[in-house]
Amino acid sequence: MHLVTSEVLDLREVAPDHWVTTFDAPEIAAAARPGQFVMVRAGPDWDPLLPRAFSIYHADIEAGCVEILYRVVGRGTRQLATLEPGRFATMWGPLGRPFDLPETERVILVAGGVGVPPVVFLAERLAQAPMRLLGLVGASSRKFLVGVEHLRRAGAEVRLATDDGSLGHHGLVTDLLAAALQEPGQATIYACGPQPMLVKTARTALAAGVSCQLALEAPMACGVGACLGCTVPRAGGSFARVCCEGPVFAAQEIDWEAWERGSI
Amino acid sequence: MSIEPSLAVTIGGLRLKNPVMTASGCFGWGEEFRAYFDLNELGALVGKAVTAEPRPGNTGVRIHETPAGMLNAIGLQNPGVEGFIADILPRIRDLNCPLIANVPGHTVAEYVRVARRLTEAGGIDAIELNLSCPNVGRGGLEFCVAPESVAEVVSAVRSATRLTLIAKLSPNVTDVAVLAQAAQAAGADAISLINTLVGMAIDVERRRPILGNVTGGLSGPAIRPVALRMVYEVVGAVQVPVIGIGGIATARDALEFLMAGATAVQVGTANFFNPRACPEIIAGLRDWLRAHGIRDVREIIGAARPGATPAP
Ligand SMILES: Cc1cc2nc3c(=O)[nH]c(=O)nc-3n(C[C@H](O)[C@H](O)[C@H](O)COP(=O)(O)OP(=O)(O)OC[C@H]3O[C@@H](n4cnc5c(N)ncnc54)[C@H](O)[C@@H]3O)c2cc1C
Ligand SMILES: Cc1cc2nc3c(=O)[nH]c(=O)nc-3n(C[C@H](O)[C@H](O)[C@H](O)COP(=O)(O)O)c2cc1C
Ligand code: FES
């Protein structure tokens, strides 16, 4: 875990309201594993007060940099998207439990919207591995499909879904998952995206008896396990902290129904 | 040549190497912060609330950011006093700084039971009574709102433990000084304040409260002026040491509380937005004292109170 003042090396808009920021953070890049995240404060002021959590999108060990991909949804992300190269942010990480690497011959990566970063990072780390990668990426419309080129470059076959039918399957990315599970070869599923997508993915995987790991999101204050603000209900009772027992959980670890009830 | 200023203060039977402690519920039991600094630097470590029975905590959204602050409704999630003694205490008892347990309760008997078990277990140096809890015996009114119930809890726990006893007061009351006096009279060694201010937030699109619990406690820099005023009032009303809490994020904030008369401070929410907040505040206090030629932090305690020696 490293707490650093990090220089912004690059800032680019990759889709409307979707930005990628590259930070100079060699210690974090060296330690990062797919599924982990960083906490970022874009300014020294007290409004916004709390750091924001972002999955690690790329970690380039040689260049010593870390990239995040995010959608501007509020003040914190808006502030971050104004940090031009040469400016600084405070960042700590890598945080949380990463994905366990697969042992199956097929790997299915499911990403919805800005859930794509951890899945891209995983695909890149698996690019040299012998398994077959299948990327299923969904967004509301074609202009919001991000990270797809990175998946292809990592050797993944990519199938797309859009809510408005502007590209790929007209419907949900989870429809593509159901179809992909019919194909031969034992698979492991990795997923990140909005809550309804995760719940559907987990249920599909559990019903099919396929091993599945999901990266969850929850409102966070500290990101390190101290505030107990980020809890999700565990299967069988009690709560797990998304920031340190997660953000990656196996499908059978979470009480999906209670989670849906608690935050919708 | 400048001399290294002394930061040491005393609270009841506790000798602190500096006046900076963590605030309950904002630092776990420290383990989450070991990666960011040496916990032995702390004046004292105040851990999470320990209740008689394990508590799962609240469902739904538990935290929400507000301007320069945050609301929380965690619901006292903790493994209970036996779980704490068995699983957590062995991992932290070797720390070279006093450990303070925060104890809430729904009945006087519950406070006493937890305090007694913590005393027997050893390794805990002080008990901070969280009096912002609904009193089941009095129709759910919080202990901290009536001087009689504050006195009842404090004196019952006083007879059950020899540990330093700190009464933590809530700001959600009419006259905090009267409550502080009641705690002192009942045997508290120190008063700490403030706990969070009750607040809420509404999601206007969904037309409903954001927090699963509807209301929550407001903390962070937003509450600092209110906290400072209350500390100033309580210092004027009691003789025991006062521990200032509320929105402290920098050495300058801590100095405000010390000058208002607090003997020590606790840092809560700041740990969330800066994991190194405590060591930075300690270093900043030392730098400030050195820059002002002050050899002992105790010289500035109460420095902004009427009758104190004016600044040179
Ligand atoms: C472990 C983790 C990893 C994350 N990774 C990414 C990522 O890679 N890319 C990315 O774009 N976002 C990611 N997020 C979500 C990101 O943290 C939030 O979008 C961000 O905190 C919003 O901050 P804000 O100040 O812009 O919005 P706020 O002003 O805080 O909120 C504005 C709006 O955003 C909504 N919002 C708040 N928190 C979240 C959340 N966690 N998820 C979705 N909506 C939220 C609020 O409901 C509100 O309507 C991640 C969150 C977690 C917990
Ligand atoms: C997430 C969170 C949990 C808290 N839990 C407790 C608790 O268990 N017991 C307690 O006495 N105070 C608790 N508090 C209150 C703090 O200890 C402190 O009194 C308050 O937050 C004001 O200080 P601050 O502004 O520095 O955070 C909690 C505060 C927060 C933000
Ligand atoms: S964000 Fe604070 S415990 Fe997870």
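**Figure 1. Surroundings of ligand 2 in the predicted model.** Ligand 2 lies between chains A and B. The shell around ligand 2 holds 24 residues, and those that come nearest are B:S24, B:K168, B:G220, B:G247 and B:T269. Sorted by class, this shell has 13 polar residues, 10 nonpolar residues and one charged residue.

**Figure 2. Polar atoms of chain B beside ligand 2.** Two side chains and one backbone group are shown in this view. A polar side-chain atom of B:N102 lies 2.9 Å from an oxygen atom of ligand 2. For B:N130, a polar side-chain atom is placed 3.3 Å from a nitrogen atom of the ligand. B:G247, one of the residues that come nearest to ligand 2, has a backbone N or O atom 2.6 Å from an oxygen atom of ligand 2. On its own, ligand 2 has 600 Å² of accessible area, of which the protein covers 95%.

**Figure 3. Surroundings of ligand 1 in chain A.** Around ligand 1 there are 18 residues, the closest being A:R52, A:A53, A:L69, A:G76 and A:T77. Three elements of chain A, β4 (52–55), β6 (65–71) and α2 (75–80), each supply at least two residues of this shell. Strand β4(A) gives the largest share, with four residues. The class counts for the shell are 10 nonpolar, four polar and four charged residues.

**Figure 4. Polar atoms of chain A beside ligand 1.** A backbone N or O atom of A:A53 is 2.7 Å from an oxygen atom of ligand 1. The corresponding distance for a backbone N or O atom of A:G76, again to an oxygen atom of the ligand, is 2.6 Å. A:A53 and A:G76 are both listed among the closest residues to ligand 1. From A:E217 comes a polar side-chain atom that lies 2.9 Å from a nitrogen atom of ligand 1. The protein covers 68% of the 860 Å² of accessible area that ligand 1 has on its own.

**Figure 5. The two domains of chain A and the place of ligand 1.** Chain A is assigned domain 1 (2–95) and domain 2 (106–261). The C-alpha centres of the two domains lie 21 Å apart. Where the domains meet, 24 residues of domain 1 are in contact with 22 residues of domain 2. Both domains give residues to the shell around ligand 1, so ligand 1 lies between them.

**Figure 6. B:Q266 and its contacts within chain B.** B:Q266 belongs to strand β16 (residues 264–267) of chain B. Its relative accessibility is 1%, so B:Q266 counts as buried, the limit for that class being under 20%. Beyond its neighbours within four places in sequence, B:Q266 is in contact with residues from several parts of the chain, including B:M21, B:T22, B:A23, B:S24, B:V46 and B:S192. Also in contact are B:I243, B:G244, B:I245, B:G246 and B:I248. B:E128 is another contact of B:Q266, and the side chains of these two residues are joined by a polar contact of 3.0 Å. B:L39 is 227 residues from B:Q266 along the chain, and the C-alpha atoms of the pair are separated by 14 Å.

**Figure 7. Two cis peptide bonds, one in chain A and one in chain B.** Most peptide bonds are trans. The bond from A:G246 to A:P247 is cis, with omega near 10°. A:P247 sits in the loop of chain A that runs between β15 (239–241) and β16 (248–250). In chain B, the peptide bond from B:L193 to B:I194 is cis, with omega near 15°. B:I194 is part of the loop between β10 (190–193) and β11 (197–200) of chain B.

**Figure 8. Positive phi at B:A68 and B:V214.** Most residues other than glycine have a negative phi. B:A68, which is not a glycine, has a positive phi of about 55°. The loop that holds B:A68 lies between β5 (63–66) and β6 (69–72) of chain B. B:V214 is likewise not a glycine and has a positive phi of about 70°. B:V214 is found in the loop between β13 (208–209) and β14 (215–219) of chain B. With a relative accessibility of 37%, B:V214 counts as partly exposed.

How values were computed:
Residues are numbered from 1 along each chain as its sequence is written. Chains are lettered from A and ligands numbered from 1 in the order in which they are written. This is a predicted model: local features need pLDDT of at least 70, side-chain atom pairs count only at pLDDT 80 or more; totals for chains, interfaces and linings use all residues. Side-chain values use heavy atoms; hydrogens and water are left out. A residue is near a molecule or strand if one of its heavy atoms lies within 4 Å of it. A polar contact is a pair of N or O atoms within 3.5 Å; within protein, one must be able to donate a hydrogen and the other to accept it, and residues adjacent in sequence count only if both atoms are side-chain atoms. Accessible areas come from the Shrake-Rupley method with a 1.4 Å probe; for residues, only the protein chains shown count as cover. Ala, Val, Leu, Ile, Met, Phe, Trp, Tyr, Cys and Pro count as nonpolar, Asp, Glu, Lys and Arg as charged, and the others, Gly among them, as polar. Domain bounds come from an automatic or database domain assignment. Buried means under 20% relative accessible area, exposed over 50%, partly exposed in between (1.4 Å probe, protein chains only). Contact means heavy atoms within 4.5 Å.
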